[in-house]
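Me: I'm new to this one, so I'd like to go through some labels and ask where they come from. Could you show me the structure?

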Amino acid sequence: TQVNGNKAFWNGGGIFNSTSAGITAGTLNNLHNVSFLDNVADSDHNDSGNGGAIFNDGMLGIMDAGSIITTNTAYQGGGIYNKFGGVVTTIDNSHIDDNSAANIGGGVYNDGTITTINISTINTNTASDGGGGIYNYTNGTLGTISSTTIDGNDGALGNGSGGGGGIFNNGSIDNITASFITNNSAVFGGGIANNGLAINLIDSTGFDGNHSDNEGGAIYNNGMQGVPVAFNNLTFINNIADFDGDNVGNGGAIYNIGLVNMNGGVIGSGNKAFDGGGIYNDTLGNIAISNNLKFSYNVATHDGGGLYNKGLISSLHNTNFRGNTSNNDGGGLYNIGVLQGLSGLGFYDNTADADGNNVGNGGGIFNDASGLGTFDYNTFTNNKAANGGGVYGASLSSMDFQNSVFTANTAID
């Protein structure tokens, strides 16, 4: 079935599925191998038409079997607009690509419920004010996104100010698992911007080549309701914050001002930012890190090549920092906040003062805070800096090392 080239002045360029106006049905059970091409909502451009391909505030059952939603346009929800009260049961083996929204939700706008998105693509969609791929609004509930590619979406098209090139969450998402979030762009949160109730779990997912002009090349996390996000076995490579080079973008992989529990995974290589080439944890941020998380070959053009901490790291356990660089201080780790639960850490081949101007301190660790926990069973090998090849303690610093090994670290001064 083909639904192509249709126009609506208001909502639902291709299909308008609604329980409004006294209609009691508003149910589509199955969209099986259906293509939606070149449909337009808001065809009079008065900024009120939503759902270029599909507008839903009723029940939409299963969309599957290679269904295609592509090159549709609207004010909001270039591909799909799921209004508050609308339910979409399953999007499976489908393609939501190359759609555009003048405002938010280039591929999908959700303020209702979408239970599952599985083995699908959400690629190269655009929006100017957020959510190039998916915009999950205040009442929106997304269940599971699994085995899905979210690639090449733009959440700030033109001179837009939007966050969340791949996904902008202002509602709740249960879990994102075994997916690829790649090559997306936005002003903040190039891959994902979480500014909502919660994202409960992101598991076994890869973030590659996302970028933001400001904070969070791959992920910007501001879980406003204090609900922790679990990051399990994630991989971040080649994500960039401060993409426009104006020195205000922090957290090449992750910028955090919420609650995060990190379990395993790889932060590196090629993540880059002004501060916090891998992770930037801001004043209100709280991160617990455990079980073999690796910070590898991340770059800060200023401070904190691997990790920049201004808030609370409540646990830093069994974690390696290798080959990270900063032009200024803290090649591996830069801390002006609180560090606790410090054990089993390895700092290898990290460099501060990577630009060679002799003002970079703390190849492994730069610390300018007191009241830290005890560093226990840690290894510092072959780290380099102008001052403090392994560790540099500034004026406010207080640190206690036990059962630790320092080998072949180098300081110029």
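Me: How do you know that Phe 168 is buried?
Reply: Its relative accessible area is 7%, and buried means under 20% (exposed is over 50%, partly exposed in between, with a 1.4 Å probe and protein chains only). So Phe 168 counts as buried. By the way, this is a predicted model, where local features need pLDDT of at least 70, side-chain atom pairs count only at pLDDT 80 or more, and totals for chains, interfaces and linings use all residues. Residues are numbered from 1 along each chain as its sequence is written, and side-chain values use heavy atoms, with hydrogens and water left out.

Me: Why is the aromatic pair of Tyr 308 and Tyr 334 called stacked?
Reply: Rings of Phe, Tyr and Trp (its six-membered ring) pair if their centres lie within 6.5 Å, and planes under 30 degrees apart count as stacked, over 60 as edge-to-face and the rest as tilted. Here it's 4.6 Å centre to centre and 15° between the planes, so stacked fits.

Me: What makes this pair a link between distant parts of the chain?
Reply: Tyr 308 sits in strand E39 (residues 307–309) and Tyr 334 in strand E43 (residues 333–335), 26 residues apart. Strands are DSSP runs of at least two residues, numbered from the N terminus.

Me: Why does Tyr 308 count as buried?
Reply: Because its relative accessibility is 7%. Tyr 334 is buried too, at 10%.

Key: Helices (H or I, at least four residues) and strands (E, at least two) are DSSP runs, numbered from the N terminus.
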